[in-house]
Amino acid sequence: MRDSAELLAAAAEGDRTAWDELEARFGPRMWAVARACGLSPSDAADAVQGSWLRLLQHLPSIRDPAGVGAWLVTTVRREALLLLRKDRPGVSSFEVVEDPDPESAVLEADGRRLLWKTVSDLHEPCRSLLQLVAVDFGNQQMAARLGLPVGSIGPTKARCLEKLRTLISIQETAQ
């Protein structure tokens, strides 16, 4: 697995697989941040897409390639807040995003890390399907992206969620 610096260098040279790896690595977190800011699915898509565009624009000037994940999260949060301010003039960023207490934030972050680590351990199509579920794609969109019949999305999603529950349960009992 390539590190973030290698991926950025390859992406800057036009390597499509590097962009795909960056999206797979950081996309779910970016979507989660955009949705946590209270954006609708379509506005979250705009914020995430805008953040990828900013990365493309700033590729040559990224000072810490290893920190691209944090850079993307910060950028998507800023994009989300810009969209929220546009929709609700006069709303400050303090009114939009409330910071939880530090202990809760750490526990929640650990839970999310465990969840996405477990999702990344699943085989296809479960891994991609659950990522699409997390970003609130509809069944038709998921079917098109995964190359599956629309009617199979529900049963496949149920099987994938059951696999995920089983893996998480095993991890929790092992601790």
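A helix here is a DSSP run of H or I that is at least four residues long, and helices are numbered from the N terminus. The place of Ser51 is, in these terms, helix 3. The model discussed below is a predicted one.

**Overall build**

The protein contains nine helices and zero strands, and from the N terminus on its elements accordingly read α-α-α-α-α-α-α-α-α. Of its 175 residues, 33% count as buried. The protein exposes about 10800 Å², and carbon and sulfur atoms supply 55% of that area. Among the contacts with a separation of 6 or more, 53% join residues that stand 24 or more positions apart.

**The largest nonpolar core**

In soluble globular proteins, nonpolar side chains tend to be buried together. The largest nonpolar core of this model has 43 residues, and the members that touch the most other members are Leu22, Leu39, Trp52 and Leu55. Helix 1 (4-12), helix 2 (16-36), helix 3 (41-58), helix 4 (68-87), helix 7 (126-134), helix 8 (139-146) and helix 9 (150-174) each supply at least two residues of this core. For Leu22, once neighbours within four places in sequence are left aside, the contacts are Leu7, Leu8, Ala11, Gly27, Trp52 and Val68; Trp52, itself among the members that touch the most others, is thus one of the partners of Leu22.

**Helix 3 and its surroundings**

Three residues of helix 3 can be followed individually, namely Ala45, Val48 and Ser51. Why does Ser51 count as buried? Its relative accessibility is 0%, and because buried means under 20% relative accessible area, Ser51 falls in that class. Apart from neighbours within four places in sequence, Ser51 is in contact with Met30, Trp71, Leu72, Thr75, Val76 and Glu79.

Val48 is likewise buried, at 5% relative accessibility, and, not counting residues up to four places away in sequence, Val48 touches Met30, Trp31, Ala34 and Val76. Met30 and Val76 therefore appear among the contacts of Val48 and also among those of Ser51. Although Val48 and Val76 are 28 residues apart in sequence, their C-alpha atoms lie 5.8 Å apart in space. Ala45, by contrast, is partly exposed at 27% relative accessibility; its C-alpha is 8.7 Å from that of Val135, a residue 90 positions away in sequence.

**The second largest pocket**

Which residues line the second largest pocket? The lining is made up of Arg16, Trp19, Asp20, Glu23, Trp31, Ala45, Val48, Gln49 and Trp52, and the pocket has a volume of about 210 Å³. Helix 2 and helix 3 each contribute at least two lining residues, with helix 2 giving the largest share, five residues. By character, the lining divides into five nonpolar, one polar and three charged residues. Both Ala45 and Val48 belong to this lining, so the partly exposed Ala45 and the buried Val48 both have an atom within 4 Å of a point of the pocket. Trp52 is a lining residue as well, while also being one of the core members that touch the most others.

**Around helices 6 to 9**

The peptide bond from Glu124 to Pro125 is cis, with omega near 5°, and Pro125 lies in the loop between helix 6 (102-121) and helix 7. Pro125 is also a partner of Thr156, a residue placed in helix 9: leaving aside neighbours within four places in sequence, Thr156 is in contact with Pro125 and Leu129. Is Thr156 buried or exposed? With a relative accessible area of 9%, Thr156 is buried.

Pro149 sits in the loop between helix 8 and helix 9. Pro149 has a relative accessible area of 54% and is exposed, because that class begins over 50%. The C-alpha atoms of Pro149 and Asn139 are 9.4 Å apart, for a sequence separation of ten residues.

The accessibilities of the individually described residues are set side by side below.

| Residue | Relative accessible area | Class |
|---|---|---|
| Ala45 | 27% | partly exposed |
| Val48 | 5% | buried |
| Ser51 | 0% | buried |
| Pro149 | 54% | exposed |
| Thr156 | 9% | buried |

Key: Residues numbered from 1 in each chain as written. Predicted model: local features only at pLDDT ≥ 70, side-chain atom pairs only at ≥ 80, totals over all residues. Heavy atoms only, no water. Core = buried A, V, L, I, M, F, W, Y, C linked by side-chain atoms within 4.5 Å. Buried < 20%, exposed > 50% of the residue type's maximum accessible area, 1.4 Å probe, protein only. Contact = heavy atoms within 4.5 Å. Areas by Shrake-Rupley, 256 points an atom, 1.4 Å probe, with all protein chains shown as cover. 1 Å grid on protein atoms, 1.4 Å probe; cavity = no way out; pocket = protein on both sides within 12 Å on 5 of 7 lines; lining within 4 Å. Points joined across faces, edges and corners; volume = space filled by probe spheres on them. Nonpolar A, V, L, I, M, F, W, Y, C, P; charged D, E, K, R; others polar.
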